[in-house]
Amino acid sequence: MNVAIVGASGAVGQEFLRVLAEQEFPIDNLRLFGSERSAGSKIPFNGKEYTVELLSEDSDFSGVDIAFTSAGAGTSKKFADVITRHGAVMIDNSSAFRMDKDVPLVVPEVNPEDALDRPRNIIGNPNCTTIQMVVALKPIHDLSPIRKVRVATYQAASGAGATAMKELENQYAELLEGKEPTVDKFAYQLAYNVIPQVDVFVDNDYTKEEMKMYNETRKIMHSDDISVSATCVRIPVLRAHSEAIWVETEKPLEIAAVKEAFEKAPGLVVCDNPAEKVYPMPLNAAGTDPVYVGRLRRDISDDKGLSFWVVGDQIKKGAALNAVQIAQWLIAKDPRLQK
């Protein structure tokens, strides 16, 4: 494959490179693109150095098979035609096109076939919180259709980028030195705190992040019957998001059957032995590929309800890895990309 990465110097762009190397992705030619700030810089990959090209209206993507883009929604919208005009498949990590009807929104463990129907040659990579949740919802939904989802997220600083992670580290250092902590990326000090706001509030008093979980889940799972209500919270963890999830299914399910379905589901690792204090934690999930699930139990307030806990690395499965897995699926299944 001839591969391009747009936003190569950012946190997710760098993760793309690590994941491509780890997955031994078949790359014949690699091109890296960035803004004026990063253009001209050198980035190593698999023993070679690559120069970051300036992304512009004149950029030539001819010959590129797959372009991974993670430079923000504004950049994706502005340069989508430039990137796709010669036939490149644009797998976009921003929110720019996720809810467009002619752009599939794909999690390979849930709806990979949607990637084949891409009229604009753009595939949306869902929001990180949505990705890890639907990987766990899919095996339940296959047993009995899900009617309601209630979720509270515990989101790491990594969701706001590399500078946010650095800000959290700096805040702890500043506070330990008796200094006033620097607050820039978040609404408030995150160190020793939690902030019940991720992204901006919209008219219904939910945040954009919370509404992404509502809208994206229904699109990915092809079900307008699933109602989703989320409360998204930023916590002082560097990397890996956690979610407490409650679901109501059409019919009651046995816990043993759900656990078996989890164990067989692709992309999920069951980590669930309360008696031995075994459950997923961001400390253990950071830097790894799977979505981890544990604390599975019946909801004692609802005989059709289940409650469980999921953890996943936001930069990996929540962003770069999911996009690379989409590309891997296409290489295997889409005749247009088979060489």
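Me: Which residues point one way from strand 13 and which the other way?
Reply: This is a predicted model: local features need pLDDT of at least 70 and side-chain atom pairs 80 or more, while totals for chains, interfaces and linings use all residues. Residues are numbered from 1 along each chain as its sequence is written, and side-chain values use heavy atoms, with hydrogens and water left out. Strands (DSSP E runs of at least two residues) and helices (H or I, at least four) are numbered from the N terminus. Both sides of strand 13 are buried (under 20% relative accessible area; exposed is over 50%, partly exposed in between; 1.4 Å probe, protein chains only): one way point Gly305, Ser307, Trp309 and Val311, the other way Leu306, Phe308, Val310 and Gly312.

Me: How many residues of strand 13 are buried?
Reply: Strand 13 is largely enclosed by the rest of the structure. That follows because its buried residues number eight of the eight.

Me: How many bridges join strand 10 to strand 13?
Reply: Strands pair if DSSP finds at least two bridges between them. Strands 10 and 13 run antiparallel. Glu248, for one, has Gly305 as its bridge partner in strand 13. The number of bridges joining strand 10 to strand 13 is eight.

Me: How many residues lie between strand 12 and strand 13 in their hairpin?
Reply: Strand 12 pairs with strand 13 over six bridges, in the antiparallel sense. Tyr292 has its bridge partner in strand 13 at Val311. The two strands form a hairpin, and the residues between them number six.

Me: Within what arc do the buried residues of helix 6 fall?
Reply: Val258, Ala261 and Phe262 are the buried residues of helix 6. They line one face of the helix, because seen down its axis they fall within an arc (of directions from the axis to the C-beta atoms) of 100 degrees.

Me: Which exposed residues does the face of helix 6 turned away from its buried side carry?
Reply: The buried residues of helix 6 are covered by elements including helix 3, strand 11, strand 12 and strand 13. The face turned away from them carries the exposed residues Ala256, Glu263 and Lys264.

Me: How far from Asp92 is the nearest side chain of opposite charge?
Reply: Asp92 lies in strand 6. Asp92 is buried but has no salt bridge (Lys or Arg side-chain nitrogen within 4 Å of an Asp or Glu carboxyl oxygen). Lys and Arg count as positive, Asp and Glu as negative; His and chain ends are not counted. The nearest opposite charge is on Arg98, at 6.5 Å.

Me: Which side chain makes a polar contact of 2.6 Å with the side chain of Asp92?
Reply: A polar contact is an N or O pair within 3.5 Å; within protein, one atom must be able to donate a hydrogen and the other to accept it, and sequence-adjacent residues count only if both atoms are side-chain atoms. The Asp92 side chain makes such a contact with the Ser76 side chain at 2.5 Å. The partner at 2.6 Å is Ser94.

Me: Is Ala240 buried or exposed?
Reply: Ala240 sits in the loop between strand 9 and strand 10. Its phi is near 95 degrees, a positive value in a residue other than glycine. At 0% relative accessibility, Ala240 is buried.

Me: What is the relative accessible area of Glu24?
Reply: Glu24 also has a positive phi, about 50 degrees, although it is not a glycine. Glu24 is in the loop between helix 1 and strand 2. Glu24 is exposed, with a relative accessible area of 70%.

Key. Contact means heavy atoms within 4.5 Å.
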